[in-house]
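Okay, thanks for squeezing me in. Let me put the model up on the screen, and then we'll walk through the ligand site and one hairpin.

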Amino acid sequence: MTDDKTALYIGLISGTSADSIDAVLVRFRDGLPQILASHAHPWPPALRQRMLAVAQGEAALDLDAWGRLDVEIGYQFADAAMLVLANSCTPATAVRAIGSHGQTLRHRPGGDFPFTLQLGDPSVIAERCGIDVVADFRRADVAAGGQGAPLLPALHAMLLGAADRTRAVLNLGGIANLTVLAADGGVRGFDTGPANGLLDAWCQRHRGEPFDRDGTFAAHGNVVPGLLEALLADPYFALPPPKSTGREYFQLDWLAAHASISTLDPADVQATLLELTACSIARALAQYAPAANEVLACGGGVHNRELMRRLAERLGSRRLCSTAEHGIDPDFLEATAFAWLARQRLLKLPGNLPAVTGARGPRVLGAIYSASGSGSS
Ligand SMILES: Nc1ncnc2c1ncn2[C@@H]1O[C@H](COP(=O)(O)OP(=O)(O)OP(=O)(O)O)[C@@H](O)[C@H]1O
Ligand SMILES: [Mg+2]
């Protein structure tokens, strides 16, 4: 298949926080994406609760519930795609393909039978939108011995790499991921540990709110040094890259397993979890990106004022800023990456960076689900 230079792509993802389905309509110029429209599609609260309960290991699913959930998530992803089209008055026929990440419910890239599992039936999305869908981006990398994550560093390198300096790109999603872009073009990337996922879960439990807006709950507490040290002693933080993790690991049971938290003030625990995020990121930078003087942050965490304040303090002389300073919307970079990955798939080009994921080699990622009546692929 040849690439149509005027073709548009849609990228869809709901991250580990499951805060919304992020949808972007993208045009590529000289291979670089330009966002034409974006939409953050809220999850129906009951569906979100069900997904999170499964993702955090609090609920098991029988096969019927599993199949139904796959389709329900697919419907929501299709709605997100159709809304980004409607909002920009773009006909579906103008879109070459949708890249859909789906919703991760389990990510276990280690062990004897490594796997990663995203739900959101791509056939449902293709059928409802009338657009070809590329999905299932992570499993080819896992099958090749990789972590299946992170998949964003290749796009970070294209958009934010600099020939004269080493930069770090920090995605503050449910999990925090770091991409190190060396001045010589070398790229590394890995998950440093928890970010919004744990903060959200604690806030939901003690405040009944899905997230700690601006970090005010955390700002009212004091860091508990003993708890912070106990959490930082978790072996994940000392593991060398490549490494990736998920919500099934860093969740409230993990917190409870490390220390007795029932007697602590909930605001102090929130402050400590926020400090854990800042500290684990700062340590990872010190170890794996000592030359990076600039840290460009993206993901929902950039809106958490207290988190950004604590991070800036922990980073010392390194400069912390949002990718917005470089003209890149921090809320839609991840969705853009899945539009880019869909295009890579159609061009039969690799999507992973083996130096990042640990895969045996570059792999063309994702499978194509044709829309009914479409004979294009
Ligand atoms: N104003 C704000 N104050 C505090 N936190 C915020 C604010 N806005 C967004 N957030 C946080 O950002 C989170 C969403 O971020 P994002 O969408 O990047 O995460 P994600 O969907 O889990 O992505 P990823 O796949 O990278 O893990 C919310 O759950 C919330 O914790
Ligand atoms: Mg999100």
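So, which residues come nearest to ligand 1? There are 21 residues around ligand 1, and the nearest are T16, S17, D200, D214 and G300. Keep in mind that this is a predicted model.

What kind of shell do those residues make, counted as nonpolar, polar and charged? The split is 12 polar, six charged and three nonpolar. As for secondary structure, strand β7, residues 167–172, gives the shell at least two residues, and so does helix α6, residues 196–207.

Now the polar side chains. I've got three to show you, each with a polar side-chain atom facing an oxygen atom of ligand 1. For E334 the distance is 2.9 Å. For D19 we have 3.0 Å. And N196, which sits within the α6 range of 196–207, has its polar side-chain atom 3.5 Å from a ligand 1 oxygen. How much of ligand 1 does the protein bury? On its own, ligand 1 exposes 650 Å², and 89% of that gets buried by the protein.

Okay, over to the hairpin. Here β2, residues 20–29, runs antiparallel to β3, residues 32–42, and the two strands pair over 10 bridges. If you want a landmark on the pairing, look at F28: the residue standing opposite, in β3, is P33. Two residues sit between the strands, and D30 in this hairpin takes a positive phi, near 50 degrees.

That's what I brought. Happy to rotate the view if anybody wants another look.

Terms used:
Residues are numbered from 1 along each chain as its sequence is written. Chains are lettered from A and ligands numbered from 1 in the order in which they are written. This is a predicted model: local features need pLDDT of at least 70, side-chain atom pairs count only at pLDDT 80 or more; totals for chains, interfaces and linings use all residues. Side-chain values use heavy atoms; hydrogens and water are left out. A residue is near a molecule or strand if one of its heavy atoms lies within 4 Å of it. A polar contact is a pair of N or O atoms within 3.5 Å; within protein, one must be able to donate a hydrogen and the other to accept it, and residues adjacent in sequence count only if both atoms are side-chain atoms. Accessible areas come from the Shrake-Rupley method with a 1.4 Å probe; for residues, only the protein chains shown count as cover. Helices (H or I, at least four residues) and strands (E, at least two) are DSSP runs, numbered from the N terminus. Ala, Val, Leu, Ile, Met, Phe, Trp, Tyr, Cys and Pro count as nonpolar, Asp, Glu, Lys and Arg as charged, and the others, Gly among them, as polar. Two strands pair if DSSP finds at least two bridges between them.
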